[in-house]
Amino acid sequence: MTTTQAKIQQHDSIRLDKWLWACRFYKTRALAKSMIEGGKVHYNDQRCKASRQVEIGATIKLAQGSDEKTVVVMGLSEKRLAAPLAQALYQETTASAEQRLARAELRKTNSLFAPHPDTKPDKKMRRQLLLLKSKQ
């Protein structure tokens, strides 16, 4: 057993919010907990609580920003590890990765149809925009 594996597999089970935080999906445990309570995280295709015990081989579906990921638990750790070590704790499913890339491409093409101005609108331009929006 290498030192990396020794750091990763320390426990038989761990709280879901702690595991999400250790895997660096969310910046804080409080944020992970609020995402779980808000229904943004599903454990084996079911809503769960933050205190749910995570086991190796479980499937977790989570929302991270505008993306949704489906990952399989490969290891457990209570400590927040470096990014390369944290990525060894899970494996994203191929369907999830393909869907995420497709959504990223759609977002990219949508931004081409609605470009943002190069500069912030001045007072006159803001008035014109407000007038246009009020007429619609």
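This report walks through a predicted model, taking the sheet, a helix that packs beside part of it, an aromatic cluster, a buried serine and the cysteines in turn.

## The sheet

The model contains an open sheet of five strands, which are arranged in the order 3-2-5-6-7 and pair in the antiparallel sense. Strand 3 (46–47) and strand 7 take the edge positions, and because each of them has a single partner strand, one side of each is left without a neighbour in the sheet.

Within this order, strand 2 and strand 5 run antiparallel and are joined by three bridges, and one can find the register here by looking at Tyr43, which stands opposite Ile60 in strand 5. Strand 5 is also paired with strand 6 (residues 67–73), again in the antiparallel sense, over six bridges, with Leu62 standing opposite Lys69 in strand 6. These two strands, strand 5 and strand 6, form a hairpin with two residues between them, and Gly65, which lies in the turn, has a positive phi of about 70°. On the way to the edge, strand 6 and strand 7 pair over three bridges in the antiparallel sense, and Val72 is found opposite Gln91 in strand 7.

## Helix 3 and what covers it

Helix 3 spans residues 29–37, and its buried residues are Ala32, Met35 and Ile36. When the helix is viewed down its axis, these buried residues fall within an arc of 100°, so they line one face of helix 3. Ala30 and Glu37, by contrast, are exposed on the other side of helix 3.

The buried residues of helix 3 are covered by parts of the structure that include helix 2 (16–22), strand 2 (41–43) and strand 5 (59–64). Two of these elements, strand 2 and strand 5, have already been met as antiparallel partners joined by three bridges. Just after helix 3 the chain reaches Gly39, which takes a positive phi of about 80°.

## An aromatic cluster

A search of the whole structure finds two aromatic pairs. In one of them, Trp19 and Phe25 are tilted with respect to each other, with 6.1 Å from centre to centre and 40° between the planes, and both Trp19 and Phe25 are buried. In the other, Phe25 and Tyr90 form a tilted pair, with 4.6 Å from centre to centre and 45° between the planes.

The pair of Phe25 and Tyr90 links distant parts of the chain, as Phe25 belongs to the loop between helix 2 and helix 3 while Tyr90 belongs to strand 7 (residues 90–92), 65 residues apart. Phe25 and Tyr90 are both buried. Taken together, Trp19, Phe25 and Tyr90 form one aromatic cluster.

## A buried serine beside strand 6

Ser96 has its place in helix 5 (residues 94–113), and with a relative accessible area of 4% this serine is buried. The side chain of Ser96 reaches the backbone nitrogen of Thr70 at 3.0 Å, and a further polar contact, of 2.9 Å, joins the side chains of Ser96 and Glu92. If residues up to four places away in sequence are not counted, Ser96 touches Glu68, Lys69 and Thr70.

Thr70, for its part, is placed in strand 6. Leaving aside neighbours within four places in sequence, Thr70 is in contact with Thr59, Ile60, Lys61, Gln91, Glu92, Thr93 and Ser96. One of these residues, Ile60, is 10 residues away from Thr70 in sequence, yet the two are 5.7 Å apart in space, C-alpha to C-alpha.

## Cysteines without a disulfide

A disulfide is a covalent bond between the sulfur atoms of two cysteines. The structure holds zero disulfides, and the cysteines Cys23 and Cys48 can be described by their burial instead. Cys23 has a relative accessible area of 3%, which lies under the 20% cut-off, so Cys23 counts as buried. Cys48, with a relative accessible area of 14%, is likewise under 20% and therefore also counts as buried.

Terms used
Residues are numbered from 1 along each chain as its sequence is written. Side-chain values use heavy atoms; hydrogens and water are left out. A disulfide is a pair of cysteine sulfur atoms within 2.5 Å. Buried means under 20% relative accessible area, exposed over 50%, partly exposed in between (1.4 Å probe, protein chains only). Helices (H or I, at least four residues) and strands (E, at least two) are DSSP runs, numbered from the N terminus. The arc is that of the directions from the helix axis to the C-beta atoms. Contact means heavy atoms within 4.5 Å. Rings of Phe, Tyr and Trp (its six-membered ring) pair if their centres lie within 6.5 Å; planes under 30 degrees apart count as stacked, over 60 as edge-to-face and the rest as tilted. Two strands pair if DSSP finds at least two bridges between them. A polar contact is a pair of N or O atoms within 3.5 Å; within protein, one must be able to donate a hydrogen and the other to accept it, and residues adjacent in sequence count only if both atoms are side-chain atoms.
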